[in-house]
Amino acid sequence: MTTLSTATEQGAVLEHRLTAVDRCDSCGAQAYIAAEVNGSELLFCAHHGRKYEEKLRAVATSWHDETARLAESV
Ligand SMILES: [Zn+2]
C-alpha cells in the first residue's frame, strides 16, 4: 500500500473530500484541486489546477490537492 507523500507539504492539507460532484470552475471536469481565496473556495481539475497553481498559491489561504488520486486510478 502506498501513502500520500505530500500530505504534510503545507501542513494544511485535508483528507480527501472532493467528490464527483465537485467540478472545475474553468472547464467543468471533475475537480481535484481546491484553493481558498478571499474566503471563497475555487475548484479546479488537475489540468487547470496546474495551469493556475503558481498564481493561485500566491493568493490562496489554503491549497488542497487530490491529484495524487489520479495516479492511483490510471
Ligand atoms: Zn479544468
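Two strands count as paired here if DSSP finds at least two bridges between them, and with that criterion in hand the tour of this predicted model can begin at its sheet.

**The sheet.** Select the three strands, which form an open sheet in the order β2-β1-β3 with antiparallel pairing. The edge strands are β2 and β3, each of which pairs on one side only, and neighbouring strands are turned by 15° against each other on average when direction is ignored. Keep the sheet displayed and add helix α1, residues 46-59, which packs on the sheet and touches β1, β2 and β3, its direction making about 25° with that of β1.

**The two pairings of β1.** Colour β1 and β2 next, and follow the five bridges over which these strands pair in the antiparallel sense. Among the residues to pick out is Ile33, whose bridge partner in β2 is Phe44. Then turn to β3, residues 62-65, which runs antiparallel to β1 and is joined to β1 by four bridges; here Ala35 stands opposite Trp63 of β3.

**The hairpin loop.** Move to Asn38, which is placed in the loop between β1 and β2. The hairpin of these strands has two residues between them, and the phi of Asn38 is near 50°, a positive value in a residue other than glycine. Is Asn38 buried or exposed? A residue counts as exposed if 12 or fewer other C-beta atoms lie within 10 Å of its own, and Asn38 is therefore exposed, with 8 such atoms within 10 Å.

**Phe44.** Select Phe44 in strand β2 for the opposite case. The cut-off for a buried residue is 20 or more other C-beta atoms within 10 Å, and because Phe44 has 26 of them within that distance, it is buried. A distance label between the C-alpha atoms of Phe44 and Ile33 should read 5.1 Å, although the two residues are 11 apart along the chain. Leaving aside neighbours within four places in sequence, Phe44 is in contact with Cys24, Asp25, Ser26, Ala31, Ile33, Gly49 and Tyr52.

**The nonpolar core.** Now show Ala31, Tyr32, Ile33, Ala34, Ala35, Leu43, Phe44, Cys45 and Ala46 together, since these nine residues make up the largest nonpolar core. The elements that give two or more residues to this core are β1 (33-37) and β2 (40-44), and β1 gives the most, with three residues. In soluble globular proteins, nonpolar side chains tend to be buried together.

While this selection is active, centre on Cys45: not counting residues up to four places away in sequence, Cys45 touches Cys24, Cys27, Ala29, Gln30, Ala31 and Tyr32.

**Confidence.** Finish by colouring the chain by pLDDT, for which the mean is 84, with 77% of the residues reaching 70 or more. Over residues 5-11 the pLDDT is below 50, and this stretch has two contacts in the model beyond near neighbours in sequence. Where pLDDT is low, the predicted coordinates should not be read in detail.

Notes:
Residues numbered from 1 in each chain as written. Predicted model: local features only at pLDDT ≥ 70, side-chain atom pairs only at ≥ 80, totals over all residues. Core = buried A, V, L, I, M, F, W, Y, C linked by C-beta atoms within 7 Å. Contact = placed C-beta atoms within 7 Å. pLDDT = per-residue confidence, 0-100. Axes fitted to C-alpha atoms, helices over the stretch in contact; angles between N-to-C directions.
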